[in-house]
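Let's walk through this one together, starting with a bit of vocabulary and then moving from the overall layout to individual side chains.

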Amino acid sequence: MWRLIYFLLFLMPGAVIAGMQMYEPLSASTLTVLHRTVSDQAVTVLVTPTGPEAKDWLDSMTKRLEKRIPDIGERRAFLITVHYEATRAGLDPELVLSIIQIESNFRKYAISSAGARGYMQVMPFWVDTIGDPEHNLFHLRVNLRYGCTILRHYLDLERGDYFRALGRYNGSVGKADYPDLVLNAWRRYWTYSTALQQ
């Protein structure tokens, strides 16, 4: 382990170690885009499914999440925020729910041994890199904004390859454990289809 740390710190000086994650410096244009994405806090329109589909989706997910977030008001607000931030980033909200299940088991104040924070287990170095020092990673919307933005960046980098993008998100690119956990949770617990609801 110490040899790996020595290698990363001294032989790869551009890298920053965050637990098991290794952050690679981003280009100026990528930094600018990511910074704009996480700092934009204004909501001009609520991005949710409309009509009966919206109610069905929210009702379905509310039932599935009942044991993890007992308070119905908190649960519904959580799901609406997940749906908004995921959709805003061009992600499937059910994928984001799967990541949250694996990363924090829906615990708002979860902290990993590597220091990752909140629902989506965002590493604090992201705040320094693309955010604002006042951003609190335990705040629901901030955490989801960062997590979804970072995952979108990795999906774009990996040209839509979920397996590799999830590996990057977890800092384990090329290994199957984490992507398999998320993808299995997505299929098993969070897949939503209007056909399944009828």
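A helix here is a DSSP run of H or I at least four residues long, numbered from the N terminus. That is what a label such as α3 refers to in what follows. Keep in mind as well that you're looking at a predicted model.

First, the overall layout. The protein has 10 helices and 2 strands, and along the sequence they come in the order α-β-β-α-α-α-α-α-α-α-α-α. So how much of the chain is buried? Of the 198 residues, 43% are. The accessible surface comes to about 11000 Å², and carbon and sulfur atoms account for 55% of that. As for how the chain meets itself, take the contacts between residues at least 6 apart in sequence: 55% of them join residues at least 24 apart.

Now zoom in on α5, which runs over residues 93-104. With 12 residues at 1.5 Å each, this helix should span 16 Å, and its end C-alpha atoms are indeed 16 Å apart, so expectation and model agree. Is α5 enclosed or open to the outside? Because 11 of its 12 residues are buried, α5 is largely enclosed by the rest of the structure. The buried set includes nonpolar side chains such as Leu95, Val96, Leu97, Ile99 and Ile100, but also Glu94, Gln101 and Glu103. What do they pack against? Their neighbours are α3 (51-64), α4 (72-88), α7 (140-157), α8 (162-170) and α9 (177-190).

Have a look at the two ends of α5 too. At the N-terminal end, Asp92 acts as a cap, with a side-chain oxygen 2.7 Å from the backbone nitrogen of Glu94. Past the other end comes Asn105, which has a positive phi near 50°. Phe106 has a positive phi as well, near 65°, and it isn't a glycine. Phe106 sits in the loop between α5 and α6 (125-130), and at 4% relative accessible area it is buried. Set that beside Arg159, another non-glycine residue with a positive phi, near 55°. Arg159 belongs to the loop between α7 and α8, and with a relative accessible area of 81% it is exposed.

Next, the nonpolar core. The largest one has 45 residues, and those with the most contacts inside it are Phe78, Ile99, Ile100, Met120, Trp126, Tyr146 and Tyr169. Which elements give it two or more residues? They are α3, α4, α5, α6, α7, α8 and α9, with α7 giving the most, at 9 residues. Met120 is a handy place to centre your view. Leaving aside residues up to four places away in sequence, Met120 touches Val96, Ile99, Ile100 and Glu103, along with Asn143, Leu144, Gly147, Cys148 and Tyr169. Of those, Val96, Ile99, Ile100 and Glu103 are among the buried residues of α5.

Finally, the charged side chains. The count comes to 7 salt bridges. One of them pairs Asp59 with Lys55, whose closest N and O atoms are 2.7 Å apart. Why can these two reach each other along the helix? They are 4 residues apart in α3, which puts about one helical turn between them. Lys55 is exposed, at 53% relative accessible area.

Glu158 takes part in salt bridges too. Arg164 pairs with Glu158, the closest N and O atoms being 2.9 Å apart, and here the acid is buried, at 12% relative accessible area, while Arg164 counts as partly exposed at 31%. Arg168 forms a salt bridge with Glu158 as well, with a closest N to O distance of 2.5 Å. This pair links distant parts of the chain: Arg168 is in helix α8, whereas Glu158 is in the loop between α7 and α8, 10 residues away. Arg168 has 24% relative accessibility and so counts as partly exposed. Elsewhere, salt bridges with shared partners join Lys55, Asp59 and Arg76 into one network.

Note on methods:
Residues numbered from 1 in each chain as written. Predicted model: local features only at pLDDT ≥ 70, side-chain atom pairs only at ≥ 80, totals over all residues. Heavy atoms only, no water. Buried < 20%, exposed > 50% of the residue type's maximum accessible area, 1.4 Å probe, protein only. Contact = heavy atoms within 4.5 Å. Areas by Shrake-Rupley, 256 points an atom, 1.4 Å probe, with all protein chains shown as cover. Expected span 1.5 Å × (residues − 1). Polar contact = N/O pair within 3.5 Å; in protein donor to acceptor, adjacent residues only side chain to side chain. Salt bridge = Lys/Arg side-chain N within 4 Å of Asp/Glu carboxyl O. Core = buried A, V, L, I, M, F, W, Y, C linked by side-chain atoms within 4.5 Å.
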